[in-house]
Amino acid sequence: MYQIDFNKTISVHFIGIGGISMSGLAEILMNEGFKVSGSDMKQSELTDTLKAKGARIEIGQRAENIKEPDLVVYTAAIHPDNPEYAAAVSKNIPMLSRAELLGEIMANYTEAVNIAGTHGKTTTTSMITDMVLEAKKDPTVTVGGMLDAIGGNIRIGKRDLFIAEACEYTNSFLSFHPTLAVILNIEADHLDFFNDIDDIRASFKKFIHTLPQNEKGFLVINGDIDDIDYFTKDLGCGFVTFGKNKSCDYTAEDISFDEKACASYTLVKNGVKTVRVELSVPGEHNVYNSLAAIASAERMGIDTKTAAAALVKYNGTKRRFEYRGSVNGADIIDDYAHHPQEIEATLKAAKLYPHKKIRVIFQPHTYTRTKALLGDFADALMLADEVILADIYAAREKNTVGVSSNDIAELINAHGGNAGYIPDFDKIIEYVLKHAEPGDLLITMGAGNVVEIADRLTR
C-alpha cells in the first residue's frame, strides 16, 4: 500500500472531494504542505472552502481532471468505470481508498484514537474531543458531524494526537492504525456487505487486533456486548469495560433526568463511587456514550473532573436530537437515527421530553437495511404515537429486494400502532401543518435528506 509521510509532501487528487470526510482529509494534507486537487459532481460550501485555501477543484468528473498527481484517492461510491478512476489506472498512478488514506494519515501521529460501533460514534467522538480540548491538548480531529467546539467536522492540531470515527462498513476500519480503540456496540447492520452478525463480530475482532499488541495499545469496550470474551481473551494489550453491568470497570448509578431528558449520574469506577456527572444531551444511551468517553480520556491522562466538566458543556452535534424550532406550537427535533437500536434510543429519550404526542417522520436508509431489519424498524417505531413513512433513501443502492416504506407502515398498523406512508415531502409538510398541535413533539428522523422537512417547517 502507498504510504503517506508528512515529511515527504506530494500531489494528491481526490475523486469526490466534496464529501464531508474526503474534504476533511484533503484539508489535513494541505495543512501539511501537500498539493491538493479534486473533483465533485456539485459545488458546495466544502468545495468552496478548499478552493479558497488553494486546492484546484473541478465540478464534474472527467478523465482530463487527472493531470499527473503522485496519488489518487477515491470514495467508496466511485466505481472502476468512473472516468477519473479509469484514467488513473491507465496512467499507473498509485491509488488509495478514502479509508486507506485515513489510515495512512493517522499513522503519522503519536497517538490515534478510533471510535467504532454500530451507533454512537459521532456523539462519543465529539465527547472525547471536548474532553481533550478541556484538558488544553491540541488534537487533530475528524468527526462525522458538525461539532460546535471545533467549528465543523475537522480540526487540525499537532502531530501527537489524532481522533477519528472508525466505520466498519466494507471493513474500512481495518485500514486504520489506532493506539486507543473504543467499541461502543456491535449490532446487525450493513447487511448489503456483511453476511450476518457473526461476520460483523469477526470484523470488529480484526479491528481490535489492529491495536499494538503491547503496552502501547489499549481497548475501551462495552462490557454488555454478547460473549465479550470473544473479543478480549487473546488480546496482547490492556483493556477496560464500560456499561450497565455492575461488573464493568466503568458504570453509572443513581441516574436521573431533567425536564429536557438530559441525565445526571454517579460515576462508578471499579466498584467505587466517584464524581457526579451531568449531561447536556438527552437520553439514557448518552450515559453509556459518556462512560466510554470518560474511560478513553483517563487513558489519555485526563482526570475525571476535567472530563466531567467537558460533558456539562457538550450540547451535541448537528442532527443528534437537535432542536430546530416549532410549528403550530409543536417542537421540532431532527435526528440522524437510521438503525432500529438508534430509533429506540431516540424515542426513549423523546418520551422523557415534554410532549403531548410524539409524531415521527421517518425516512428509511437503503433498501437492504430496510429489508433485513423490517420487523425491528416496526418494533422500534411503535414507541411513537404516530409515524409518517417517507420513501426509502436509496443512497448507493437500487431496489433489487422489493421493499417499500409502506411495508413498515403496514407492520406497525398490524400491531396496533398508527403509521402512514406519504412518499412526497410536500405532502408530508401539508399533513404536518394540518395535524400538528401545540405540545406535540415532531421528530424528523433518518440518515438521508429528511432533514429538508425540518428545514422547510422551521422556515
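Buried means under 20% relative accessible area, exposed means over 50%, and partly exposed lies in between, using a 1.4 Å probe and protein chains only. Keep that scale at hand for the tour.

The model is predicted: local features need pLDDT of at least 70, side-chain atom pairs count only at pLDDT 80 or more, and totals for chains, interfaces and linings use all residues. Residues are numbered from 1 along each chain as its sequence is written, and side-chain values use heavy atoms, leaving out hydrogens and water.

**Stop 1: Asp254**

Select Asp254. It sits in strand β13. Helices (H or I, at least four residues) and strands (E, at least two) are DSSP runs, numbered from the N terminus. Asp254 counts as partly exposed because its relative accessibility is 44%. Now check its backbone: phi is near 55°, a positive value in a residue other than glycine. Most residues other than glycine have a negative phi.

**Stop 2: three strands**

Select residues 250-257, strand β13, and add β14. The two pair in the antiparallel sense over six bridges. Strands pair if DSSP finds at least two bridges between them. Follow one bridge: Glu253 has Thr266 of β14 as its partner. The hairpin of β13 and β14 leaves four residues between the strands. In that turn, Ala261 has a positive phi of about 70°.

Is β14 mostly covered or mostly open? Select residues 262-269: seven of the eight residues are buried, so to speak of β14 as mostly covered is fair.

Add residues 272-282, strand β15. β14 and β15 run antiparallel, joined by six bridges. Thr266 appears again here, with Arg276 of β15 as its bridge partner. This second hairpin has two residues between its strands. Asn270 in the turn has a positive phi of about 50°.

**Stop 3: helix α8**

Select residues 285-299. The expected span of a helix is 1.5 Å times one less than its number of residues. For the 15 residues of α8 that gives 21 Å, and the end C-alpha atoms are 22 Å apart, which agrees. Of these 15 residues, 13 are buried, leaving α8 mostly covered. Just after the helix, Gly301 takes a positive phi of about 85°.

**Stop 4: helix α6**

Jump back to residues 197-208. α6 has twelve residues and reaches 17 Å from its first C-alpha to its last, close to the 16 Å expected. Which of its residues are buried? They are Ile200, Arg201, Ser203, Phe204, Lys205, Phe207 and Ile208. The buried residues pack against β6, β9, β10, β11 and α7.

Select Asp196 next. It caps the N-terminal end of α6, with a side-chain oxygen 3.2 Å from the backbone nitrogen of Asp198.

**Stop 5: Asp335**

Select Asp335, in strand β17 (residues 330-335). Asp335 is buried yet has no salt bridge. A salt bridge is a side-chain nitrogen of Lys or Arg within 4 Å of a carboxyl oxygen of Asp or Glu. The nearest side chain of opposite charge, Arg320, is 6.8 Å away. A polar atom of the Asp335 side chain lies 2.9 Å from the backbone nitrogen of Ala337. Among the residues that Asp335 touches (heavy atoms within 4.5 Å) are Phe321, Thr346 and Met445.

**Stop 6: Thr366**

Finish in the loop between β18 and α11, where Thr366 is found. Phi of Thr366 is near 75°, positive in a residue other than glycine. Is Thr366 buried or exposed? Thr366 is buried, with a relative accessible area of 1%.

Terms used. Lys and Arg count as positive and Asp and Glu as negative; His and the chain ends are not counted. A polar contact is a pair of N or O atoms within 3.5 Å; within protein, one must be able to donate a hydrogen and the other to accept it, and residues adjacent in sequence count only if both atoms are side-chain atoms. Lists of a residue's contacts leave out its neighbours within four places in sequence.
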